[in-house]
Amino acid sequence: MVRNVIVEDNIAPIITIKGAASVTIEAGTDYDDPGVSVTDNMDKNLEGRLFKESNINTRIPGTYQVKYMVQDKSGNKATTVLRTVTVVDTTGPVTSLLGDAIVTVEAGGAYVEKGAEAFDSIDGDLSTVVKISGEVDTGKVGTYEISYVAYDSQDNAGQAVSRLVKVVDTTPPLVKRIESLDVLEGKELQITVSANDNGRTDSQLTYAVSGAPLGLTIDRCHNSVDPKRGTGTWIILV
Ligand SMILES: [Ca+2]
Ligand SMILES: [Ca+2]
Ligand SMILES: [Ca+2]
């Protein structure tokens with residue numbers, strides 16, 4: 001005698017997540033989901049029937065879900081299992097100088113800012129938002145530091161880079177003008193000169209007079225010369 005035994009399966013499989021149910025990854029890195037395991041009261045090897053759904057974009061910071069669903073051979077659906085994957089960008093852009101790291105400028109000349117470029121692994125080219133701080137006064141001899149830093153859209157600061165600008169003076173001052181001399185008997189002789197030291201505002205100029213007649217001295221306070229004695233014609237160099 002043969003009996004037909006109909007075995008009914010009304011019990012759904014169980015999905016068990018592998019690893020943490022919630023993970024955070026750095027944007028731009030690869031994401032490999034650790035997956036799930038499935039058990040069922042009757043069916044073996046249901047992994048092949050697993051259905052996985054994922055909308056992860058590791059290039060765009062945000063919160064994503066990986067979903068696992070399965071049903072056994074009798075059509076019983078397991079409770080869907082979710083893993084939350086948060087993609088974050090915590091890495092600042094890389095800033096690099098355009099032009100030399102050390103620049104020498106002649107006093108009175110122009111310092112031309114060449115800027116810096118910045119690239120972020122997620123935001124791309126951020127060169128237009130590089131912040132430049134520091135100023136160069138080419139009127140004053142010295143070494144100036146200009147620094148450059150960029151922030152990405154997540155407000156991550158990149159490593160700052162800096163440039164040294166050396167303002168040097170290798171140009172002698174130029175005496176621009178010697179006023180015509182008015183020599184009047186009994187009056188003090190004054191030679192008025194003006195000098196420009198290639199645009200420097202911090203120059204301490206020292207005047208010297210040569211070729212003057214004996215007894216003529218220079219008053220450094222007033223940049224004037226005063227002949228005590230002597231008459232004649234002299235070429236006076238200032
Ligand atoms: Ca089952
Ligand atoms: Ca970034
Ligand atoms: Ca000079």
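# Exercises on three calcium sites and their surroundings

In sequence, the residues that donate to the calcium ion (ligand 2) follow the pattern D-x1-T-x28-D-x31-D. Keep in mind that this is a predicted model. With that said, let's work through some exercises together.

## Exercise 1: the site of ligand 2

Task: Work out which protein atoms hold the calcium ion (ligand 2), and which parts of the chain the site ties together.

Solution.

1. Start with the donors: Asp89 gives two OD atoms, Thr91 its O, Asp120 two OD atoms and Asp152 one OD. They lie 2.3 to 2.7 Å from the ion.
2. Now look at the geometry. The angles subtended by the 6 donor atoms run from 52 to 162°, so the arrangement is irregular.
3. Next, place two of the donors. Aspartate 89 sits in the loop between strand E6 (81–88) and strand E7 (94–97), while aspartate 152 is in the loop between strand E12 (142–149) and strand E13 (161–168); the pair therefore ties together parts that are 63 residues apart in sequence.
4. Finally, check accessibility: aspartate 89 and aspartate 152 are both buried.

## Exercise 2: the site of ligand 1

Task: Describe the coordination of the calcium ion (ligand 1) and the spacing of its donors along the chain.

Solution.

1. The coordinating atoms are two OD atoms of Asp9, the O of Ile11, two OD atoms of Asp40, OD1 of Asn41 and an OD of Asp72, at 2.2 to 2.8 Å.
2. Read along the chain, these donors give D-x1-I-x28-D-N-x30-D.
3. Aspartate 9 belongs to the segment before E1 and aspartate 72 to the loop between strand E5 (62–69) and E6, so to speak of this pair is to speak of a link between distant parts of the chain, 63 residues apart.
4. Are these two aspartates buried or exposed? Aspartate 9 is buried, and aspartate 72 is buried too.

## Exercise 3: the site of ligand 3

Task: Find the donors of the calcium ion (ligand 3), then compare the accessibility classes of threonine 171 and aspartate 197.

Solution.

1. Two OD atoms of Asp169, the O of Thr171, two OD atoms of Asp197 and OD1 of Asn198 are the protein donors, lying 2.1 to 3.0 Å from the ion.
2. Their spacing in sequence is D-x1-T-x25-D-N.
3. Threonine 171 is found in the loop between E13 and strand E14 (174–178), and aspartate 197 in the loop between strand E15 (193–196) and strand E16 (216–219), so the pair ties together parts 26 residues apart in sequence.
4. Threonine 171 has 34% relative accessibility and so counts as partly exposed. Aspartate 197 has a relative accessible area of 8%, so aspartate 197 is buried.

## Exercise 4: following the strands

Task: Trace the pairing from strand E4 (residues 51–54) to E5, and on from E5 to E6.

Solution.

1. E4 and E5 run antiparallel and are joined by 4 bridges. Across this pair, glutamate 53 stands opposite lysine 67 in E5.
2. E5 and E6 also run antiparallel, joined by 7 bridges. Here glutamine 65 faces threonine 84 in E6.

## Exercise 5: out to the surface

Task: Classify valine 5 and aspartate 30 by accessibility, and place each in the structure.

Solution.

1. Valine 5 lies in the segment before strand E1 (14–17). Its relative accessibility is 64%, over the 50% cut-off, so valine 5 counts as exposed.
2. Together with Val7 and Met42, Val5 makes a nonpolar surface patch of about 300 Å².
3. Aspartate 30 is in the loop between strand E2 (22–26) and strand E3 (36–39). Aspartate 30 counts as exposed because its relative accessibility is 77%.
4. The C-alpha atoms of aspartate 30 and arginine 59 are 9.5 Å apart, with their positions 29 residues apart along the chain.

Key: Residues are numbered from 1 along each chain as its sequence is written. Chains are lettered from A and ligands numbered from 1 in the order in which they are written. This is a predicted model: local features need pLDDT of at least 70, side-chain atom pairs count only at pLDDT 80 or more; totals for chains, interfaces and linings use all residues. Side-chain values use heavy atoms; hydrogens and water are left out. Patches are made of residues with over 30% relative accessible area and no salt bridge: like charges are joined within 9 Å, nonpolar side chains (Val, Leu, Ile, Met, Phe, Trp, Tyr) within 5 Å. Accessible areas come from the Shrake-Rupley method with a 1.4 Å probe; for residues, only the protein chains shown count as cover. A salt bridge is a side-chain nitrogen of Lys or Arg within 4 Å of a carboxyl oxygen of Asp or Glu. Helices (H or I, at least four residues) and strands (E, at least two) are DSSP runs, numbered from the N terminus. Buried means under 20% relative accessible area, exposed over 50%, partly exposed in between (1.4 Å probe, protein chains only). Donors are N, O and S atoms within 2.8 Å of the metal (3.2 Å for Na, K and Ca); water is not among the atoms, so sites may look incomplete. Four donors count as tetrahedral if all angles lie between 85 and 135 degrees; four count as square planar and six as octahedral if opposite donors are over 155 degrees apart and all others between 65 and 115; anything else is irregular. Two strands pair if DSSP finds at least two bridges between them.
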